[in-house]
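The following explanation is intended for a reader who meets this structure for the first time. Please keep the sequence and the model in view while reading.

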Amino acid sequence: MNYRMNSKPAQTIIYGWKRKWLDWRLKIHLMQIALSCYKSWHEAIQVVRSLVRFKQTVNGHKNLRRCARTGSRYYFGPFIPGFPSSCFDRYIRTEFARFGNHHQPVNNLQVLQIAITSRCPLRCEHCFEWDNLNKEDPFSTEQLKYIIRKFREAGLAQVHLTGGEPLIKMDRVCELIRDGAPETEYYIYTSGCNLSLENARRLKEAGATGVIISLDHHAETEHNTFRGSERAYEYAINGVRNSAKAGLVMALSLCVTHRFLSLYNLDQYARLAKKMGVSFVQLLEPKATGHYANSAVTLRPDEIQLLENFYQYINQSPRYRNYPVFLYPGYHQRRVGCMMAGNRILYIDSAGKIDACPFCQNHAADARTLLNGKLQVTDIYTGPCPEFGTGLKTFAAEKLPRQKTTSNSYHGELKRKSMLSE
Ligand code: SF4
């Protein structure tokens, strides 16, 4: 099955002078937000610089990175709200609070990932929900609405709806999105199953921002084998095509296994992603959890090196300037620590357990206790990420005493905040 784009892509990759122009716009905007948060120009400049430096460490380079435009908004990744928007401003105010406390409203959590069903027609090799698949769903649509609303009331930038396959429950997905958009952004993690043109348009109309579609190989048979379904590739390819027509932000998610990892495969995959007109490609390292439990799937140091080199090259080389933006959480986790475990992102699995992340299934709490009021969202603590550390209690600004910024270093701030949340 060859991919053929039969309509103009809904998203454009922004690079070159347009990206530079956007960068100036952004810097001015960040300064405006900083000045509304801090009393002095000096403090505002320091905080903006700290954030820019932190982002450079996360991305792995100082050069401007390309970004994507869909409709009238610019997107830097599926975990950052589109710019310009009030959601983006609140996201930035929250990030500023990590470098210097202020009294402007901030989010308690940036992203809530919540599995809304355990139903799924696929049988993927790496599935982290394997033990929960196709069991009875713990929550009704109304209960899910209630839980998400609690997080939104405490301050939340984005909701990522996952599963199982969330699009098996189209009505539920649309109802959840309608309840919170546009103040909160909604993304859907999907294999592409049930992502027909009609459903893509329904998602857009309900207020969804985008979709993150799993595609684990550029070759059809390889992807189908990995996903345990002869139709998996068709689902993913058609899902991308339909999402483009509906005007949704599109990201691909790729689990980079030992078998896949070669420069040839990475290059072929990048070419396909460009041809499909997606904005982002997320590179995920396999973890020995779920269906992969007790398997030797962890990448070796030489494989990680190859992947890191590719990630930096494809995002910086002028040769690839109009390619999708590549994201690699493993890269920044090794440098700045984990951003999940309540430190920006939290995961509720399809059995209703609150986990540090989809891979670290530590079952820190049960989301049912949010329903009866025994647990408040601001009191959730998953413990630190077992692999990369830095898990922090989610925070609300009013809990933190006002203090001057004493350090420009992100690690210094993390240390300070860990002490405050003890
Ligand atoms: S990884 Fe996702 S699509 Fe695959 S079986 Fe698990 S829930 Fe289904």
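In this predicted model, strands E7 and E8 run parallel to each other and are joined by five bridges. Within this pairing, Val 211 lies opposite Met 250 of E8. On its other flank, E8 pairs with E9, again in the parallel sense and over five bridges. Here Leu 252 has Val 281 of E9 as its bridge partner. Between E8 and E9 the chain passes through H9, and the resulting β-α-β crossover is right-handed.

Strand E8 is also mostly covered, with seven of its seven residues buried. In a regular strand, side chains alternate between the two faces of the sheet. In E8, Val 249, Ala 251, Ser 253 and Cys 255 point one way, while Met 250, Leu 252 and Leu 254 point the other way, and all of them are buried.

These strands belong to a wider arrangement. An open sheet is formed by 10 strands in the order E10-E9-E8-E7-E6-E5-E4-E11-E12-E13, and its pairing is mixed. Strand E10 (325-327) and strand E13 (365-366) stand at the edges with a single partner strand each, so one side of each has no neighbour in the sheet.

Proceeding along the sheet from E7, the reader comes to E6. E6 and strand E7 (residues 210-214) are parallel and share four bridges, and Thr 190 is found opposite Ile 213 in E7. E6 (residues 185-190) in turn runs parallel to E5, to which four bridges join it. One of the pairs involved is Gln 158 with its bridge partner Glu 185 in E6. E5, helix H5 (residues 170-180) and E6 together make up a right-handed β-α-β unit.

How many residues of strand E5 (residues 156-162) are buried? Seven of the seven are, so the strand is largely enclosed by the rest of the structure. Strand E4 (residues 109-115) pairs with E5 in the parallel sense over six bridges, and Val 111 has Gln 158 of E5 as its bridge partner. The route from E4 to E5 leads through helix H4 (residues 141-153), and this β-α-β crossover is right-handed.

A ligand is also present in the model. Around the ligand stand Cys 120, Leu 122, Arg 123, Cys 124, Cys 127, Glu 129, Gly 163, Gly 164, Glu 165 and Ser 191. By character, this shell divides into four nonpolar, three polar and three charged residues. Two of its members, Gly 163 and Gly 164, are joined by a cis peptide bond with omega of about 25°. Gly 164 is located in the loop between E5 and H5.

Among the helices, H8 (residues 232-246) may be considered next. Its 15 residues reach 21 Å from the first C-alpha to the last, close to the 21 Å expected at 1.5 Å a residue. H8 is mostly covered, since 12 of its 15 residues are buried; among them are Tyr 233, Tyr 235, Ile 237 and Arg 241. The cover over the buried residues of H8 includes E6, helix H6 (197-206), E7, helix H7 (220-227), strand E8 (249-255) and helix H9 (263-276). Just after H8, Gly 247 adopts a positive phi of about 80°.

Some further backbone features deserve attention. Most residues other than glycine have a negative phi, and most peptide bonds are trans. Against this background, the peptide bond from Phe 83 to Pro 84 is cis, with omega near -5°; Pro 84 is in the loop between strand E3 (73-75) and helix H3 (86-97). Asn 134 has a positive phi near 55° and occupies the loop between E4 and H4. Asn 134 counts as exposed because it has 12 C-beta neighbours inside 10 Å, and a residue with 12 or fewer falls in that class. Asn 294 likewise has a positive phi, near 65°, and lies in the loop between strand E9 (280-284) and helix H10 (301-316). With 7 other C-beta atoms within 10 Å, Asn 294 is exposed.

Finally, Ser 36 is placed in helix H1 (residues 16-37). Is Ser 36 partly exposed or buried? Ser 36 has 13 other C-beta atoms within 10 Å, so it is partly exposed. Between Ser 36 and His 102 the C-alpha to C-alpha distance is 9.4 Å, although the two are 66 residues apart in sequence.

Notes:
Residues numbered from 1 in each chain as written. Predicted model: local features only at pLDDT ≥ 70, side-chain atom pairs only at ≥ 80, totals over all residues. Near = placed C-beta within 6 Å. Nonpolar A, V, L, I, M, F, W, Y, C, P; charged D, E, K, R; others polar. Buried ≥ 20, exposed ≤ 12 C-beta atoms within 10 Å, placed from the backbone. Helix = DSSP H or I, 4+ residues; strand = E, 2+ residues; numbered from the N terminus. Pairing = 2+ DSSP bridges. Right-handed = clockwise from strand over helix to strand, strands pointing away. Expected span 1.5 Å × (residues − 1). Contact = placed C-beta atoms within 7 Å.
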